[in-house]
Amino acid sequence: MGVIYALWQRQLKRFYRQKSRVIGSIAQPLLFLVALGFGFGSIFQEAGRGSYIQFLVPGIIAMSILFSSIFSGIEIIWDKQFGFLKETLVAPVSRLRIMIGRTLGGATIAVLQGLLILIISFAFGFKLNNLALLPLAILFMILTAIVFTALGTAIASRLNDMQGFQLLMNLLIMPLFFLSGALFPLTDLPKAINFIIRINPLTYCVDAIRYFLTSMSSIPIFVSSIVIVSYLIIFVFIGSYLFSRMEI
Amino acid sequence: MKTIKQVNDIKKRNNIKQANKIKLEKNIIDVKNLTKFYGSFEAVSDVSFSVKKGEVFAFLGPNGAGKSTTIKILTTLLKFNKGSITINNYDVLKDPNKVREFFGIVFQDPSVDEELTAYENMKIHSVLYSLEKSLAEKRIEKFLKVVELWDRKDDLVSKFSGGMKRRLEIARGLLHVPKILFLDEPTVGLDPQTRKHIWNYILEINKKEKVTIFFTTHYMDEVEKVANKIAIIDKGKIIEKGTISDFKKQTKSKTLEEAFIKITGYNIREEESSSLDQLRQRRKIRRR
């Protein structure tokens, strides 16, 4: 327990000490929120779908959690050579505990960023549907963060250079985000795109967070819950397996 | 009834066993027929050597000879294909966590957390090695004082110079009182003053705390000053091991550097830029 707590605490310290990093991490989601929210708001409303800001904010929260948590996993590539990771790998501690400490630290920061976006979005006119459901929304933010931190960890455990990282960015993270229902409703889509959306874990995360924040949803919440928890188990399992076998 | 001869034989055999046991215990690092492939490239090939308790052992070789690979294998970061390694009589593959308790390491590339203070780095290390809190606090103070960083303990490591970071890593590597300290090019990129200081700390610890030192470097003058034993690796093979004076006599050289060049050749080793070098480059750019 001591090791996990120490590694978790380390990441939180790094987060609040780097103010520029905090600002940087929420600037991009905010840009999406402002540009898309105001840009598409009137079209969305004309189509009879209500307030686009209400629809978009949960998607942007999920996006900031996705980016932040995948990055904290992928940081391992860098960390293997120039970072603190080596220090933990030569210590007489099981790799599983190191992985848990890192994952929880990365996930906590991702959720904090998501909450920051939520607070800022109130200034753009976002309204919670039911304050009592907010803790459940936060729970799903936490699950989302763990899913993608574990995914990032799994990938980074197998990669040794930064070129692979660029590729991942373009071929994995961006499609995950754009094809998830974060930006648009999941109706009347071409079959191929629909298929990708259905296997994308972020789709279910976005929908569950949206459900608990605004009561809008297109997938039954129990389905989302089951899918998210299944992905979580699979990714955490693969992530810890690859991390424990990682060589430098 | 056993004859007197038989009894004597048994005694002799036992003595030999005893002697072997003592010999084994004296070797704190024992590497036998170590072989490591990266794909089809044989990075380390049938390497055997041993290091005795309390020695200052220099592991030398040109770039790309297999030094770092060997250190990574010895410190449980990398698996190998053939051979056996014991550290303090524990098998590296079978008991990696036991082996990890016995050594401290200073890596070639930094591994301190630059966004934490010196003290916080030490503190996390003490948790990783499950040191009891009050003991940890005492030792942190002691070793930060040894490397003359106690006044700077609450400063962020990102504000430290290269030499200060290296000193911090040494103090951290000693915090759990290891039996062996591995140092991969501990003085690279440092000015002569800092190099001298760093070696003073290391040798003091070698004498006072009886810590075995295993290090790599390209500075042959350092080796001549501090090492008791050397091994030279080239193209994955050990080409020389023993004392510095024997090695110089054999090669009829005045200095170790001369002997080293005689035996490894004058040619510069051209390494292809690996992804690691590219990362190092990127790191430099990032820091500007």
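Just after helix 7 of chain B comes B:Lys210, with a positive phi near 60°. Helices here are DSSP runs of H or I with at least four residues, strands are runs of E with at least two, and both are numbered from the N terminus. Keep in mind that this is a predicted model, where local features need pLDDT of at least 70, side-chain atom pairs count only at pLDDT 80 or more, and totals for chains, interfaces and linings use all residues. Residues are numbered from 1 along each chain as its sequence is written, while chains are lettered from A and ligands numbered from 1 in the order in which they are written.

Now step back into helix 7 of chain B itself. Helix 7 covers residues 192–208, 17 residues in all, and its first and last C-alpha atoms are 24 Å apart. That is close to the expected 24 Å at 1.5 Å a residue, the expectation being 1.5 Å times one less than the number of residues. Its buried residues are B:Arg195, B:Ile198, B:Ile202 and B:Ile205. Looking down the helix axis, these buried residues sit within an arc of 100°, so they line one face of the helix; the arc is taken over directions from the axis to the C-beta atoms. Buried means 20 or more other C-beta atoms within 10 Å of a residue's own, exposed means 12 or fewer, and partly exposed is in between, with C-beta atoms placed from the backbone. On the face turned away from the buried side you find exposed residues: B:Pro192, B:Gln193, B:Asn200, B:Glu204, B:Lys207 and B:Lys208. The cover over the buried residues includes helix 6 (162–174) and strand 8 (212–216) of chain B.

Elsewhere in chain B, four strands make an open sheet in the order 2-1-4-5, with antiparallel pairing. Two strands count as paired if DSSP finds at least two bridges between them. Strand 2 (41–52) and strand 5 (90–91) are the edges, each pairing on one side only. Strand 4 (residues 82–87) is joined to strand 5 by two bridges, and the two run antiparallel. Across that pairing, B:Ile87 stands opposite B:Tyr90 of strand 5.

Over to chain A, which has ten helices and zero strands. Its radius of gyration is 18 Å, close to the 18 Å from the globule rule for 248 residues, so chain A is as compact as a globular protein of that length. The radius is taken over C-alpha atoms, and the rule is 2.2 Å times the number of residues to the power 0.38. The C-alpha trace spans about 60 × 40 × 35 Å along its principal axes, and 46% of the 248 residues count as buried.

For a closer look, try A:Leu104 in helix 5 (residues 95–122) of chain A. A:Leu104 is partly exposed, with 19 other C-beta atoms within 10 Å. Beyond its neighbours within four places in sequence, A:Leu104 is in contact with A:Ile4 and A:Trp8, contact meaning C-beta atoms, placed from the backbone, within 7 Å.

Finally, the two chains meet: 25 residues of chain A are in contact with 28 residues of chain B. On the chain A side, helix 1 (2–17), helix 3 (52–82) and helix 4 (85–89) each supply at least two residues. Helix 1 gives the largest share, seven residues. By class, this side of chain A has eleven nonpolar, six polar and eight charged residues. Here Ala, Val, Leu, Ile, Met, Phe, Trp, Tyr, Cys and Pro count as nonpolar, Asp, Glu, Lys and Arg as charged, and the others, Gly among them, as polar.
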